[in-house]
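Let's take a walk through this protein model, one piece at a time. Keep the 3D view open and turn it as you read.

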Amino acid sequence: MFARRQRVDGPPAPAALGHSDAMVETRGVDVTFRSKGRTVQALSGIDLTVARGEFVSIAGPSGCGKSTLLRVVAGLTEVTAGEVTLRGTRVAGPRRDVGFVFQRAALLDWRNARDNILFQAEMRGLPRDRSRKRAAELIEMTGLSGFETAMPYELSGGMQQRVSLCRALLHEPDVLLMDEPFGALDALTRENMNVELRRIWEATGMTVVLVTHSVAEAVYLASRVVVMGPRPGRVIEEFAVDLPGHRAYEQTLESAEFQRVGAAVRELLGAAAAGD
Ligand SMILES: Nc1ncnc2c1ncn2[C@@H]1O[C@H](COP(=O)(O)OP(=O)(O)OP(=O)(O)O)[C@@H](O)[C@H]1O
Ligand SMILES: [Mg+2]
């Protein structure tokens, strides 16, 4: 199903990348919204490169343009200036090669778990047999076995988010974009989902860009944490996370590297919130 990850030590540092290793690139991206006589500059000069197989977390104060940045990468929002490329081709509209997980699971109430996942295949006109096979694999991978025919109201918040993750992965996207996917979950479920997502990433070598308000989540999951400043959103700092490929949860949270990066990110976010 998935290509197995070749390396366990993470992708090369962005500075060492040749163009072909870049999965996502934004160059000088500005986004300005104009509506009802109001003008809001959401993004200003965003330069971001995400390598193939990298896991990048994006943190930043509310309203700094994180969701807008993900939407721009997915081709759902147009740039006002600059350029976005995915696998070297310019993004000029909604892209089929991305999967998107939203803050709310946004499941269809009248469809069971499996049929919610398969909705993606129907929308994209993918072959039915192959999609069903892949849905079954994803259900197993995300620990939803036995709940295929459960309706959304019969699922916990964490399980609904797993269904949403399966739906985002059904068409085998090159890039998974996640916008605060676990924000509505209780702390323990969120931790479990973090561990699960990290495991899936380790197993698949997918490229992931995750927006989160949780510093711990950002650092635990990522190869790199990008911190954005207040509006108009721009990248103010990036931190490489020098932790092993496989990350046991408790051990990682107690590690000096986790605490170092976490403290640095928190300090920046605090300064951003204080308007520095
Ligand atoms: N479609 C839109 N039309 C007009 N303004 C918009 C639109 N989408 C976003 N904005 C504005 O752009 C700015 C950035 O919004 P965005 O949703 O990207 O922020 P965010 O960092 O995701 O915030 P949060 O952490 O609260 O989710 C905000 O000021 C918002 O009001
Ligand atoms: Mg947002």
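In this predicted model, strand 7 (residues 175-179) and strand 8 run parallel to each other, paired over 5 bridges. To find one spot on that seam, look for Asp-179, which sits opposite Val-211 of strand 8. How does the chain get from strand 7 to strand 8? It goes by way of helix 5 (residues 187-204), and this β-α-β crossover is right-handed.

Now stay with strand 8 (residues 207-211) for a moment. Are its residues buried or exposed? This strand is mostly covered, with 5 of its 5 residues buried. Both faces are covered: Thr-207, Val-209 and Val-211 lie on one side, Val-208 and Leu-210 lie on the other, and all are buried.

Strand 8 also pairs with strand 3 (residues 55-59), again in parallel, through 4 bridges. Here Val-211 turns up once more, as the residue in strand 8 that stands opposite Ile-58. Ile-58 has a bridge partner in strand 9 too, namely Val-226. That belongs to the next seam along, where strand 3 and strand 9 run parallel and are joined by 4 bridges.

Strand 9 (residues 224-229) is mostly covered as well: 6 of its 6 residues are buried. Arg-224, Val-226 and Met-228 point one way, while Val-225, Val-227 and Gly-229 point the other way, and all are buried. Notice that an arginine, Arg-224, is among these buried residues.

Next comes a change of direction. Strand 9 and strand 10 (residues 234-240) run antiparallel, joined by 6 bridges. Val-225 stands opposite Phe-239 in strand 10. The two strands, 9 and 10, make a hairpin with 4 residues between them. Pro-232 has its place in the loop between strand 9 and strand 10, and the peptide bond leading from Arg-231 to Pro-232 is cis, with omega near -5 degrees.

Here are the pairings in one place:

| Strands | Direction | Bridges |
|---|---|---|
| strand 6 and strand 7 | parallel | 4 bridges |
| strand 7 and strand 8 | parallel | 5 bridges |
| strand 3 and strand 8 | parallel | 4 bridges |
| strand 3 and strand 9 | parallel | 4 bridges |
| strand 9 and strand 10 | antiparallel | 6 bridges |

And what holds such strands side by side? Strands of a sheet pair through backbone hydrogen bonds, in either a parallel or an antiparallel way.

Put the seams together and you get an open sheet of 6 strands in the order 6-7-8-3-9-10, with mixed pairing. Which strands stand at the edges? They are strand 6 (98-101) and strand 10, and each has a single partner strand, so one side of each is left without a neighbour in the sheet. On average, neighbouring strands of this sheet are turned by 20 degrees against each other, direction ignored. At the strand 6 end, Val-98 has Val-175 of strand 7 as its bridge partner. Helix 1 (residues 66-74) packs on the sheet and touches strand 3, strand 6, strand 7, strand 8 and strand 9. The direction of helix 1 makes about 155 degrees with that of strand 7.

A couple of loops are worth a click, too. Lys-36 lies between strand 1 (22-35) and strand 2 (38-51). Lys-36 has a positive phi of about 50 degrees, although it is not a glycine. Is Lys-36 buried or exposed? With a relative accessible area of 83%, Lys-36 is exposed, because anything over 50% counts that way. Ala-106 is another residue other than glycine with a positive phi, near 50 degrees, and Ala-106 is found in the loop between strand 6 and helix 2 (113-124).

What about cysteines? The structure holds 0 disulfides. Cys-64 counts as buried because its relative accessibility is 1%, and Cys-166 counts as buried because its value is 0%.

Finally, how confident is the predictor? The mean pLDDT of the protein is 89, and 92% of its residues reach 70 or more. Among the elements, strand 3 has the highest mean pLDDT (98) and helix 5 the lowest (89). Over residues 1-19, pLDDT stays under 50, and the model has 31 contacts beyond four places in sequence for that stretch.

How values were computed. Residues are numbered from 1 along each chain as its sequence is written. Chains are lettered from A and ligands numbered from 1 in the order in which they are written. This is a predicted model: local features need pLDDT of at least 70, side-chain atom pairs count only at pLDDT 80 or more; totals for chains, interfaces and linings use all residues. Side-chain values use heavy atoms; hydrogens and water are left out. Buried means under 20% relative accessible area, exposed over 50%, partly exposed in between (1.4 Å probe, protein chains only). Two strands pair if DSSP finds at least two bridges between them. A crossover is right-handed if, with the strands pointing away from the viewer, the path from the first strand over the helix to the second runs clockwise. pLDDT is the predictor's confidence in each residue, from 0 to 100. Contact means heavy atoms within 4.5 Å. A disulfide is a pair of cysteine sulfur atoms within 2.5 Å. Axes are lines fitted to C-alpha atoms, for helices over the stretch in contact, and angles run from 0 to 180 degrees between N-to-C directions.
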